[in-house]
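User: Please take a close look at the part of this assembly that faces the DNA. I would like a connected account of that surface and of how it relates to the rest of the assembly.

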There are 2 protein chains.
Amino acid sequence: MVAALDTRPKKRSRQQRRTKKTRQKLLMAAREVFAEKGLDLTRIDEITERADVGKGTFYYYFQSKEKLINELIHGMLDELTAAIDEKCKGIADLTSLLDKIISVHIEFFSNRWEDFVLYFQGRADLTLQMGYEGIETPFLNYLESIESNLDQAIERRLPGPVLRRITCAVAGFISGYYSFAVISSGGEDVDETLRSLRGALVGSLTRFIREAAPSATMGDGAQV
Amino acid sequence: MVAALDTRPKKRSRQQRRTKKTRQKLLMAAREVFAEKGLDLTRIDEITERADVGKGTFYYYFQSKEKLINELIHGMLDELTAAIDEKCKGIADLTSLLDKIISVHIEFFSNRWEDFVLYFQGRADLTLQMGYEGIETPFLNYLESIESNLDQAIERRLPGPVLRRITCAVAGFISGYYSFAVISSGGEDVDETLRSLRGALVGSLTRFIREAAPSATMGDGAQV
DNA sequence: GTTAAAACTGACGATATAGTCAGAAATGAC
DNA sequence: GTCATTTCTGACTATATCGTCAGTTTTAAC
């Protein structure tokens with residue numbers, strides 16, 4: 001029937017670009033305000049004001065603040081997870097793998113302070129009984145990504161729960177250190193600080209895994 | 001002058017007891033609600049309702065929610081810090097010290113879920129530019145307590161910044177692991193889980209410190 | 001140009017929460 | 001018992017925030 005079947009969904013372009021831009025302005029503004037006042041205390045007006053759009057525009061793009069938060073955290077974590085998957089795929093040596101996992105985190109959060117706050121706020125939210133809906137999923141995906149990479153780098157097949165504990169420890173160590181470092185060092189050279197500890201972090205995590213795994217990999221037998 | 005100098009400030013007791021009890025009811029109720037909905041989203045009415053007192057009573061005891069939060073976090077962290085100081089004082093062996101630090105945390109938060117949430121929410125708040133006023137102080141005291149204990153257990157005197165980094169790492173590892181473990185394991189046997197990893201945690205932290213310290217303690221020379 | 005659809009607006013009504021305060025109830029002193 | 005002081009109350013006001021919607025502006029299609 002329709003002759004010109006190819007109706008160029010491509011060149012409704014001006015509008016498309018505007019839409020994308022506005023949406024992006026809102027997301028970026030939200031990230032900024034969230035990093036200043038936290039997820040809960042941020043008001044919609046603050047976001048729209050910073051994005052320099054009318055308040056109604058927010059609701060044109062997002063059903064609610066919850067949905068926005070969901071999208072931001074989901075997007076951030078999916079990106080981080082993808083980076084881990086990409087950079088770590090197939091690294092068989094445990095030490096190299098851990099080193100890579102850590103450097104991916106450092107690179108990812110470097111110059112993306114807002115994302116780190118988002119990560120951290122989201123994680124704290126998970127401890128609440130009534131947190132934001134749907135935030136667990138991307139965090140679990142993130143953990144699973146780390147987990148599967150660890151799994152294939154550890155010679156011995158570990159029982160699920162043990163592997164999961166180790167995964168939590170690895171993720172927890174990285175972000176936990178990061179978070180306290182923020183308090184102490186004014187806040188700006190955290191990357192540098194973390195980078196300088198990378199070697200020790202890798203070494204101790206390697207040891208941690210070797211020791212936590214029930215009948216450990218043969219390893220080097222270092223004992224103390 | 002005044003003859004009966006000892007005016008028994010002791011036996012205005014009924015009122016004193018009532019006051020203490022009411023205040024305590026409010027604090028406990030607040031802890032509970034905070035653990036459910038987080039610091040920000042908790043409303044005063046919710047606290048007073050749970051404490052089963054009128055709304056005005058809250059303002060009779062606390063200037064504002066901020067002050068209440070301050071008191072709760074301060075109290076919790078001071079107690080934790082005191083426990084660390086008491087239990088770890090003078091332990092010269094690094095491994096034993098780390099083991100003790102970890103076990104103090106486990107014992108402290110065991111069956112005190114609300115306090116752990118408080119700890120975690122407070123910590124996340126520290127990453128914000130506009131967090132709750134005055135929360136940094138108790139956290140810094142807490143870090144300093146760990147730091148001074150580590151300092152005297154490490155043979156070599158480390159430069160301040162290095163020692164501080166190591167301290168952040170130790171504190172971060174413990175709480176970071178804890179937090180992720182909560183997501184994975186429904187949430188109840190976290191203690192058990194953490195306990196089972198304690199040995200590995202101690203071992204890897206020992207190694208971490210040995211490696212992070214520039215020209216490390218002689219140690220056992222385990223190399224990998 | 002005209003017309004239709006999409007994107008955007010900001011004032012507005014509805015709602016929720018903070019914080020106050022005049023007075024009630026409990027306690028202590030006598 | 002009376003009187004003074006402390007503790008407690010909940011209705012009330014003031015304010016802040018949400019989410020809506022009728023109308024405007026921009027874009028696309030012709």
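Analyst:

**The surfaces facing the DNA**

H1, helix H2 (44-51) and H3 of chain A, together with H1 and H3 of chain B, each supply at least two residues of the surface near DNA strand D. The model is a predicted one. In total, 23 residues surround DNA strand D, and the closest are Arg14(A), Thr22(B), Val53(B), Gly54(B) and Gly56(B). By class, the surface near DNA strand D is made up of four nonpolar, 10 polar and nine charged residues.

Strand C can be described in similar terms. Around DNA strand C there are 23 residues, the closest being Thr22(A), Val53(A), Gly54(A), Gly56(A) and Arg14(B). Here the elements that each give at least two residues are helix H1 (13-41) and helix H3 (55-61) of chain A, with helix H1 (13-41), helix H2 (44-51) and helix H3 (55-61) of chain B. The surface near DNA strand C divides into four nonpolar, 10 polar and nine charged residues.

The relation between the protein chains comes next. A turn of 180 degrees, with a shift of 0.0 Å along the axis, lays chain B on chain A with an RMSD of 0.0 Å. That is the relation of a two-fold axis. The same surface serves both copies, as 98% of the contact residues of chain B recur in chain A.

**Helix H2 of chain B**

Helix H2 (44-51) of chain B is one of the contributors to the surface near DNA strand C. Its buried residues are Ile47(B), Thr48(B) and Ala51(B). Viewed down the axis of H2(B), these buried residues fall within an arc of 90 degrees, so they line one face of the helix. The spacing follows a general rule: an α-helix has 3.6 residues a turn, so residues three or four places apart point the same way. The cover over the buried residues of H2(B) includes H1 and H3 of chain B. H1 and H3 of chain B also each supply at least two residues of the surface near DNA strand C. Just after H2(B), Asp52(B) adopts a positive phi of about 60 degrees.

**The contact between the chains**

Between the two chains, 53 residues of chain B are in contact with 52 residues of chain A. On the side of chain B that touches chain A, two or more residues come from each of H1, helix H6 (113-126), helix H7 (136-153), helix H8 (160-184) and helix H9 (190-212) of chain B. H8(B) provides the largest share of that side, 17 residues. By class, the side of chain B that touches chain A has 29 nonpolar, 14 polar and 10 charged residues. H1 of chain B thus appears in two settings, as it gives residues to the side that touches chain A and to the surface near DNA strand D.

Within helix H7 of chain B lies Asn141(B). Asn141(B) counts as partly exposed because it has 16 C-beta neighbours inside 10 Å. The C-alpha atoms of Asn141(B) and Thr81(B) are separated by 7.4 Å, although these residues are 60 residues apart along the chain.

**The chain as a whole**

Chain A has nine helices and zero strands. Of its 224 residues, 41% count as buried. Among the contacts in chain A with a separation of 6 or more, 64% join residues 24 or more positions apart.

Note on methods
Residues are numbered from 1 along each chain as its sequence is written. Chains are lettered from A and ligands numbered from 1 in the order in which they are written. This is a predicted model: local features need pLDDT of at least 70, side-chain atom pairs count only at pLDDT 80 or more; totals for chains, interfaces and linings use all residues. Copies are superposed by least squares on the C-alpha atoms of residues with pLDDT of at least 70 in both. Two residues are in contact if their C-beta atoms, placed from the backbone, lie within 7 Å. A residue is near a molecule or strand if its C-beta atom, placed from the backbone, lies within 6 Å of it. Helices (H or I, at least four residues) and strands (E, at least two) are DSSP runs, numbered from the N terminus. Ala, Val, Leu, Ile, Met, Phe, Trp, Tyr, Cys and Pro count as nonpolar, Asp, Glu, Lys and Arg as charged, and the others, Gly among them, as polar. A residue is buried if 20 or more other C-beta atoms lie within 10 Å of its own, exposed if 12 or fewer, and partly exposed in between; C-beta atoms are placed from the backbone. The arc is that of the directions from the helix axis to the C-beta atoms.
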